[in-house]
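Colleague: I would like a close look at one part of this protein. Please walk me through its salt bridges, then add a short word on a pocket.

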Amino acid sequence: MAATSFILPCFFLFSLSSFPTLSSAKITPWFPSSIVRPDQLSVSTKTKLYEAKYFTQTLDHFNYQPQSYQTFQQRYLINYTYWDGADKVAPIFVYTGNEGDIEWFAQNTGFMFDTAPHFKALLVFIEHRFYGKSIPFGGDKNVAYTNASTLGYLSSTQALADYATLIIDLKNNLSATHSPVVVFGGSYGGMLAAWFRLKYPHVTIGALASSAPILNFENITSPYSFTNIITQDFRSESENCYKVIKGSWEQIQETAEKNGGLEVLRKSFRICKNYINGPAIESWLSTAYIYGAMTDYPTPSNFLSPLPAYPVKQMCNTIDDPGVGNDTFAKLYGAANVYYNYTGTTKCFDLADDSDPHGLAEWTWQACTEMILPTSGNNEESIFPVSTWNYSNRAAFCNYAFDIEPRPNWITTEFGGHDIKRVLKRFGSNIIFFNGLRDPWSGGGVLESISQSIVAIVAKDGAHHVDLRFATSEDPEWLRDVREREVKIITKWLSEYYHDL
């Protein structure tokens, strides 16, 4: 590979130089779209983890207008290998698909494959509408992504109804109407899993919601929480590392504004010759810090990018390396290289590449309609430049991009969130909320158990849905304990279900 790109066309950090009032309308992504190429996925499809099938899905579940009855082909992945069959009422484990190609998520959700033999479970991974190959309007993205009139069918509520419809139909076709369903999900998929259990308790007996920031709406969670956690991740490794990164932004800006400064930055950071500017360099570095923190796994990984174990520690080690001297840019380049070029194959970094191999682009629509998660605040201690969350900037961008007004209160209206412990204590049941405290999204997660059956599992050293990853012999004891506890809880759910049959 000659060059590596980093642009985040789906839920990137918006920087619209021609619209200065919109320049801070930041949408913090769960996943960057162009860091990992399809051939870099951690598990090859050649291992036959699943077979792909399609379900004829209804376009609009909530209206009865003529266009509501249109259909599209929704992809799902299925693995029968370990299933004990409908006659033994064996369980069905379903992954509630995220904002991207479902194969990417299936190949990085090893927990389901690892535990399926124990539970003798059927595995199903359902792709989210408008992502991957599950595109309405005849599968034509040029039509489906045209404007608000077509994108209006992309929402969390429609997705949940898709999952319910598909699961019920699949169970009927398998003569497995009594087989219990447990849903799993990580990040946005984890939010969907939790909400699915609350909205469709007749379809699923329980949900494992990993790294699901269901409280990251309105004023429930501080808009400074996300970057505070990233700051703490780096600061916990090295005070000097923290100070170098924190003090670098002004130096980058000053250099970019000088005559010949961009060339200095290009050479310092090995940027390809086709495109460079100061804000692009800053976003490129920010991306490495954000996703380095999110994927600060205790073992080598290849989810977003090929990374060593504990990438934040490795990034700080390069910054603290005395052999680099006092060259701040050399220190930062070393840190970024851990994230973008750990394999050492990249010759230069392409800041202009806007490819989207995992099909994540339509998150921008969701982040402009219902997924208004305030995360862009940076206080004086932040590793990033000081900033505030500004809803008006988000709304202005969304009006410019789609000619729509966001609905920042809709998620809490539809699914709740305020006073969640009081609300769910006597209403909800059978949900596991896992959060790793090194994950910046954990600030919007459920960190305390709500009842005996709505359980929070918190790992001090955990990162973004690390519990759902494939188990390895190098996993630390705390991670093995987390998964063992999750298995015990799911076992209890199934035992109670079979007892009541």
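Modeller: What follows covers the salt bridges first and a pocket second. Keep in mind that this is a predicted model.

Start with the overall count. A search of the whole structure finds 18 salt bridges. Three of them are described here one by one.

Take Arg 75 and Glu 127. They form a salt bridge, and their closest N and O atoms are 2.7 Å apart. Arg 75 sits in strand β3, residues 71-79, while Glu 127 sits in the loop between β5 (122-126) and α3 (141-144), so this pair ties together parts that are 52 residues apart in sequence. Arg 75 is buried, and Glu 127 is buried as well. For reference, buried means under 20% relative accessible area. This pair also has partners. Arg 75 and Glu 127 are linked with Asp 101 and Glu 103 in a network of salt bridges.

Now move to helix α7. Arg 235 forms a salt bridge with Glu 381, and here the closest N and O atoms are 2.8 Å apart. Arg 235 belongs to helix α7 (residues 225-237), and Glu 381 to the loop between α14 (363-369) and α15 (391-402), so the salt bridge ties together parts that are 146 residues apart in sequence. Arg 235 is partly exposed, at 28% relative accessible area. Glu 381 is also partly exposed, with 44% relative accessibility.

Helix α7 holds a residue of the next pair too. Glu 237 forms a salt bridge with Lys 313, with 3.0 Å between the closest N and O atoms. Glu 237 lies in α7 and Lys 313 in helix α12 (residues 311-320), so the parts tied together are 76 residues apart in sequence. Glu 237 has a relative accessible area of 28% and is partly exposed. Lys 313 counts as partly exposed at 34%.

Last, the pocket. The second largest pocket has a volume of about 420 Å³. It is lined by 18 residues, and the closest to its centre are Gly 152, Ser 155, Thr 157, Arg 407 and Trp 410. Two elements, α5 (156-173) and α14, give two or more residues to this lining. By type, the lining residues of the second largest pocket divide into 6 nonpolar, 8 polar and 4 charged.

One element links the two topics. Helix α14 contributes to the lining of the second largest pocket. The loop that holds Glu 381 lies between α14 and α15.

Technical notes
Residues numbered from 1 in each chain as written. Predicted model: local features only at pLDDT ≥ 70, side-chain atom pairs only at ≥ 80, totals over all residues. Heavy atoms only, no water. Salt bridge = Lys/Arg side-chain N within 4 Å of Asp/Glu carboxyl O. Helix = DSSP H or I, 4+ residues; strand = E, 2+ residues; numbered from the N terminus. Buried < 20%, exposed > 50% of the residue type's maximum accessible area, 1.4 Å probe, protein only. 1 Å grid on protein atoms, 1.4 Å probe; cavity = no way out; pocket = protein on both sides within 12 Å on 5 of 7 lines; lining within 4 Å. Points joined across faces, edges and corners; volume = space filled by probe spheres on them. Nonpolar A, V, L, I, M, F, W, Y, C, P; charged D, E, K, R; others polar.
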